[in-house]
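Me: Hi! I've got a structure to go through with you, do you have a few minutes?
Reply: Sure, put it up and ask away.
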Amino acid sequence: MIARILPLLLCTLPLAVRAAAPEPVFPLDCRLGGDCWIVRLVDRDPGPGVRDLSGAVRSEDGHEGIDIAIRDLSAMIAGVAVRAPLPGTVVAVRDGEPDVPVDERGREAVKGRECGNGVRIRHENGLVSQLCHLRRGSVAVRPGDPVRAGTPVGLVGLSGLTGFPHLHLQLEREGSIVDPLEGLPQLFAGFDPRGLARLPVVVAAGVAPAAPSFADVQRGDFAVPHIPPLPVTAPALVLWVRGYWFETGDQVDFTLLGPDGGRVF
């Protein structure tokens, strides 16, 4: 009797179905290489030196995450959403830090708050993500909140230990730093860190009637494609470019076209 019943019982057991792991989501609402750029990698050298995945030195001593820069302050003011890279639970947040470059505030003013306004999220398998330098007043989650991959948690800002608007993405597991390029490579499809070793990262260029200040450039003044009409009485046409990791001897080529599409120079 048992031998005849057992196969029937086995047939009625429910099948265990394992849900597919959620796909990671790029932590910024931007197009990598189009309107945001990876400009600094994780320092993988445990000592005082610098070593990263680029094959050059596109990091700084002790840098524990990846910096993803947006174009300028005008993009920051317009708002670039920061998103949870994976589902999880928010474990800590900070808001209220001003969006002021550290050169103006001083390092002592951000001591212990180098992340600025930020969010920490605990994910599966002991992974923790930390999202730093968010815009003051933009943090949209609280400790204990569940988040899905892609949930907006704030906006890119200029808070904490930074001099330009960007997101610092840091991953940890059991207290150890995880390089996002290895821990979540799906986030960076098509990005080759070795490209940083070959070329600087150009993020903006433009034409101005006089030499722009760095503050002008940071604001996005006189930048392509939003260059205002320049008067024919302008004393000069000053070409400028902004980026990261320029080296002595690098050359930038400009081509200026007239209203009819013809080449001016």
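Me: Thanks! Which residue is the bridge partner of Arg 40 in S2?
Reply: That is Asp 67. Keep in mind that we are looking at a predicted model.
Me: Noted. And how do S1 and S2 pair overall, parallel or antiparallel?
Reply: Antiparallel, with four bridges between S1 (residues 36-40) and S2.
Me: What stands opposite Asp 67 in S9?
Reply: His 168 does. S9 covers residues 166-173 and runs antiparallel to S2, joined to it by four bridges.
Me: How many of the residues in S2 are buried?
Reply: Five of its five, so the strand, residues 66-70, is mostly covered, with "buried" meaning under 20% relative accessible area.
Me: Which residues of S2 point which way?
Reply: Ile 66, Ile 68 and Ile 70 point one way, while Asp 67 and Ala 69 point the other way. All of them are buried, whichever way they point.
Me: Why would side chains alternate like that?
Reply: In a regular strand, side chains alternate between the two faces of the sheet.
Me: Makes sense. Let's zoom out: how many helices and strands are in the chain?
Reply: The chain has six helices and twelve strands.
Me: Is the chain compact or spread out?
Reply: More spread out than a compact globule, because its radius of gyration is 24 Å, well over the 18 Å that the globule rule gives for 265 residues. Along the principal axes, the C-alpha atoms fill a box of roughly 105 × 50 × 35 Å.
Me: What share of the residues counts as buried?
Reply: That comes to 38% of the 265 residues.
Me: And what share of the contacts comes from residues 24 or more positions apart?
Reply: Taking the contacts with a separation of 6 or more, such pairs account for 68%.
Me: Now the surface. How much area does the chain expose?
Reply: About 14900 Å², with carbon and sulfur atoms supplying 56% of it.
Me: How many positive and negative side chains are there?
Reply: There are 26 positive and 31 negative ones, and the centres of the two sets lie 6 Å apart.
Me: One last topic, Gly 183. Which helix does Gly 183 lie in?
Reply: Gly 183 lies in H4, which spans residues 180-183. Its relative accessibility is 35%, so Gly 183 counts as partly exposed.
Me: How far apart are Gly 183 and Gly 249?
Reply: They are 66 residues apart in sequence, and their C-alpha atoms are 35 Å apart in space.

Conventions
Residues are numbered from 1 along each chain as its sequence is written. This is a predicted model: local features need pLDDT of at least 70, side-chain atom pairs count only at pLDDT 80 or more; totals for chains, interfaces and linings use all residues. Side-chain values use heavy atoms; hydrogens and water are left out. Helices (H or I, at least four residues) and strands (E, at least two) are DSSP runs, numbered from the N terminus. Buried means under 20% relative accessible area, exposed over 50%, partly exposed in between (1.4 Å probe, protein chains only). Two strands pair if DSSP finds at least two bridges between them. The radius of gyration is taken over C-alpha atoms; the globule rule is 2.2 Å times the number of residues to the power 0.38. Contact means heavy atoms within 4.5 Å. Accessible areas come from the Shrake-Rupley method with a 1.4 Å probe; for residues, only the protein chains shown count as cover. Lys and Arg count as positive and Asp and Glu as negative; His and the chain ends are not counted. The place of a charge is taken as NZ of Lys, CZ of Arg, CG of Asp or CD of Glu.
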